[in-house]
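Student: Could you help me learn to read a protein model? I would like to go through it one feature at a time.

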Amino acid sequence: MEPIVLEAAPVGGHVGDWAARLGELLDSNNVLAMHVTGGDGCGKTHLMLETLKGLGSSMRIGAICSDCGIALDAQHYCDAGFKAVNVKLEDSQRLNSALVYSAAEKLGPEELDLLVVEHSGNLLLATRPDLGIRRVITCLSVTQGWGPIEKFQPAFSSSTMNIITKSDLARAAKFDIPRAVSRLRRLNARAPVIVTSATNGDGIDSFRACIQQESQNLVCSA
Ligand SMILES: Nc1nc2c(ncn2[C@@H]2O[C@H](COP(=O)(O)OP(=O)(O)OP(=O)(O)O)[C@@H](O)[C@H]2O)c(=O)[nH]1
Ligand SMILES: [Mg+2]
């Protein structure tokens, strides 16, 4: 399967309006949507692919990625058997709710149970747009070190879940995971913190169980 490519042409109207429209589109189709964010290369794609592996038989899954050049991440999702759109951004462009709306329409929201929007880049809250997706998962890899936690506190304090990735490299990176977990909990008591490794499977079952639980809640409230 090949990813769908969406050229990121400017879309009219206020971005805030599109965020609301996207929320309605997803809610009306009972789609559980997750905005997965974190610095470049922190392990978002590998985390999601390992986690979704066990869900493909029970959920219809789609992904929206935004690689500038070749649609590498979107191709990874397709290779794993999921539908995917790559929003092809220009150099200075950022993902926004209007583009995610167009991409979600291309995927066919009526044919989805779970939508993953993978959004890489800077963790600064000012540059993390409100895409109209309530569940925001912010990833921090142990190889990024402690810096991002303090520099980008609002990114972690406004998430619905914080995930530490690449735990298998913690010793080599001299990264104190228990200290990071407690710092993230202090920054955001509402958001669970999960420690994961896509390489050795740490925490993947817990993350998958959270997604299954949220999906179940959505079905029950429909
Ligand atoms: N050791 C180790 N390496 C990992 C893990 N997860 C990802 N990687 C490696 O880290 C690199 C980046 O992983 P990706 O999953 O592509 O990261 P990403 O955040 O999706 O990257 P962008 O989308 O480009 O921002 C790859 O070389 C992966 O093999 C992990 O849990 N452990
Ligand atoms: Mg990626």
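What follows is a conversation about the sheet, the helices, the core and the ligand.

Tutor: Happily! This is a predicted model, in which local features need pLDDT of at least 70 and side-chain atom pairs count only at pLDDT 80 or more, while totals for chains, interfaces and linings use all residues. Residues are numbered from 1 along each chain as its sequence is written, chains are lettered from A and ligands numbered from 1 in the order in which they are written.

Student: In what order do the eight strands lie in the sheet?

Tutor: Strands of a sheet pair through backbone hydrogen bonds, either parallel or antiparallel. Helices (H or I, at least four residues) and strands (E, at least two) are DSSP runs numbered from the N terminus, and two strands pair if DSSP finds at least two bridges between them. Here the order is S1-S4-S3-S5-S2-S6-S7-S8, an open sheet with parallel pairing. Its edges are S1 (4-7) and S8 (193-195), each pairing on one side only.

Student: Which residues are bridge partners in S6 and S7?

Tutor: Leu-140 has Ile-164 in S7 as its bridge partner, and Ser-141 stands opposite Thr-165. These belong to S6 (residues 135-141) and S7 (residues 161-165), which pair over five bridges. S2 and S6 also pair over five bridges, with Thr-37 partnered by Thr-138 in S6.

Student: Why is S6 called largely enclosed?

Tutor: A residue is buried if 20 or more other C-beta atoms, placed from the backbone, lie within 10 Å of its own, exposed if 12 or fewer, and partly exposed in between. Six of the seven residues of S6 are buried, so the rest of the structure largely encloses this strand.

Student: Which residues have the most contacts inside the largest nonpolar core?

Tutor: A nonpolar core is a set of buried Ala, Val, Leu, Ile, Met, Phe, Trp, Tyr and Cys residues joined through C-beta atoms within 7 Å. The largest one has 63 residues, and Leu-22, Ile-64, Val-100, Ala-103, Ala-104, Leu-115 and Val-117 have the most contacts inside it. Helix H4 gives the most to this core, seven residues.

Student: Which residues come nearest to ligand 1?

Tutor: A residue counts as near if its C-beta atom, placed from the backbone, lies within 6 Å. Of the 17 residues around ligand 1, the nearest are Gly-43, Lys-44, Thr-45, His-46 and Ser-120. Helix H2 supplies the largest share of this shell, three residues.
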